[in-house]
Each structure stands twice: as structure tokens, then as C-alpha cells.
Amino acid sequence: FPFVHAAAGQYKIPLVEYDFLIPGHIWSHQAALYARYLRDKVSPDLATDYRRQVFAAQYRIASQDDLMNFTKQFFAQHGKQVPFVVDPTGQLDREVQADVDLGKKMGLQFTPTIIIATPHRWIQVKDVSQLDAAIDQAKSWVAEPATATASAHKTSTAPHK
């Protein structure tokens, strides 16, 4: 989380986040709902801070109760109260499920999954120490003339599933 956000700021590139839930984290679905609630109903910046803090505390969150306690404390620190029903219409759940379905369609096996994308190619980054190199590579693709990009796309070494 911190490396990706720092890189997006440093390179001045857009960051698009999706919720691909970790099966072993029985609380990850609910955490995604809380983050989306914060993004849509309170503040996108507060939602980003919540995601950052959940990421940092994930090893201390072992259950739904741990997540609820963490979330109540986070909300209270920001002068908010956790709503009794976070997603009364099911819209947030549908958005999270759409992200999960996209991840499955792409063949994602683990998180975090970082993908650097250009209009014609993409790179999956599995090790954040390779993030800057991947961004530089993608920037070089964008700088290529259109004909070079089209022919290079056919021989790309980026993983395709």
C-alpha cells in the first residue's frame, strides 16, 4: 500500500484500486465494504486512510470482531460512528463482487496484485522492489511510436492469462 501510493504520487500516474479479497482473511469482505462506504458517503481521502491503516494492522486483525473493534476505533478517531447497516441496498457488495469477479477472470492468485497498465500492454508486479522498473518500462512503451507498440505487443513478456 505505501509503496504503490508513493509511486503513483512520484510518477504522477493515476491509481485505480480494486478489491480482490484474500480468502484466508475472513474479514476482508467486510473491510472492503467499510472502505467503500467511507469513500462514497464520507470522504475518499478518509477511505484511503482507512485502507492504509487496515493494511498496516492486518496482522492484528484475525476475526470479524477484531475488524469491528478496529473500525469502531478508526471511525471514532475521525468523529464518525459506524452505521448500523453499512450497505442497505447491497450496492457496495455488488461493487466488491464485481472486483472479485474481474480478479478471477484475470487469473489472480494472490494479493497484493499490482498491475502497471498502458493502453496496449500491462505488467504484473509481484515484488514492490520492482515497481519503479515496471513503471519506467511502461512509460517507455507509451513513448514508442504506435507502429512499434503494435508489433511489440505481439511479443510482450508480460504474463497473460
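**Exercise 1. Is Thr71 buried or exposed, and what is its relative accessible area?**

Solution. The model is a predicted one, in which local features need pLDDT of at least 70 and side-chain atom pairs count only at pLDDT 80 or more, while totals for chains, interfaces and linings use all residues. Residues are numbered from 1 along each chain as its sequence is written, and side-chain values use heavy atoms, with hydrogens and water left out.

Begin with the place of Thr71, which is in helix H4; helices (H or I, at least four residues) and strands (E, at least two) are DSSP runs, numbered from the N terminus. Thr71 has a relative accessible area of 0% and is therefore buried, given that buried means under 20% relative accessible area, exposed over 50% and partly exposed in between, with a 1.4 Å probe and protein chains only. Then list its partners: not counting residues up to four places away in sequence, Thr71 touches Tyr34, Tyr50 and Val82, where contact means heavy atoms within 4.5 Å.

**Exercise 2. Follow Tyr50 from its contacts into the largest nonpolar core.**

Solution. Leaving aside neighbours within four places in sequence, Tyr50 is in contact with Ala31, Tyr34, Ala35, Leu38, Leu67, Phe70, Thr71 and Phe74. Next, turn to the core, which has 24 residues, with Leu38, Tyr50, Ile61 and Leu67 making the most contacts inside it; a nonpolar core is a set of buried Ala, Val, Leu, Ile, Met, Phe, Trp, Tyr and Cys residues joined through side-chain atoms within 4.5 Å. At least two residues of this core come from each of H2, H3, helix H4 (64–77) and H5, and the largest share, 7 residues, is that of H2. A separate, second core holds 12 residues, among them Ala7, Tyr11, Ile116 and Val125.

**Exercise 3. Describe the linings of the largest and second largest pockets.**

Solution. A pocket is an open set of points on a 1 Å grid over the protein atoms alone, where a 1.4 Å probe fits, with protein on both sides within 12 Å along at least five of seven lines, and its lining residues have an atom within 4 Å of a point. The largest pocket holds about 1500 Å³ of space, and of its 46 lining residues the closest to the centre are Val16, Glu17, Tyr18, Thr113 and Ile114. Elements giving two or more residues to this lining include helix H1 (2–11), strand S1 (114–117) and helix H6 (131–143).

The second largest pocket contains about 160 Å³, and its lining includes Glu17, Tyr18, Arg36, Arg39, Arg51 and Asp99. H2 and H3 each give two or more residues to that lining, with the largest share, 4 residues, coming from H3.

**Exercise 4. Characterise Lys12 by its backbone and its exposure.**

Solution. Lys12 is found in the loop between H1 and H2, and its phi is near 55°, a positive value in a residue other than glycine. At 72% relative accessibility, Lys12 counts as exposed.

**Exercise 5. Place these details in the whole protein chain.**

Solution. The secondary structure comes to 7 helices and 2 strands, and from the N terminus on, the elements run α-α-α-α-α-β-β-α-α. Of the 161 residues, 36% count as buried. Among contacts between residues at least 6 apart in sequence, 57% join residues at least 24 apart.

Note on methods
Grid points are joined across faces, edges and corners, and a volume is the space filled by probe spheres set on the points.
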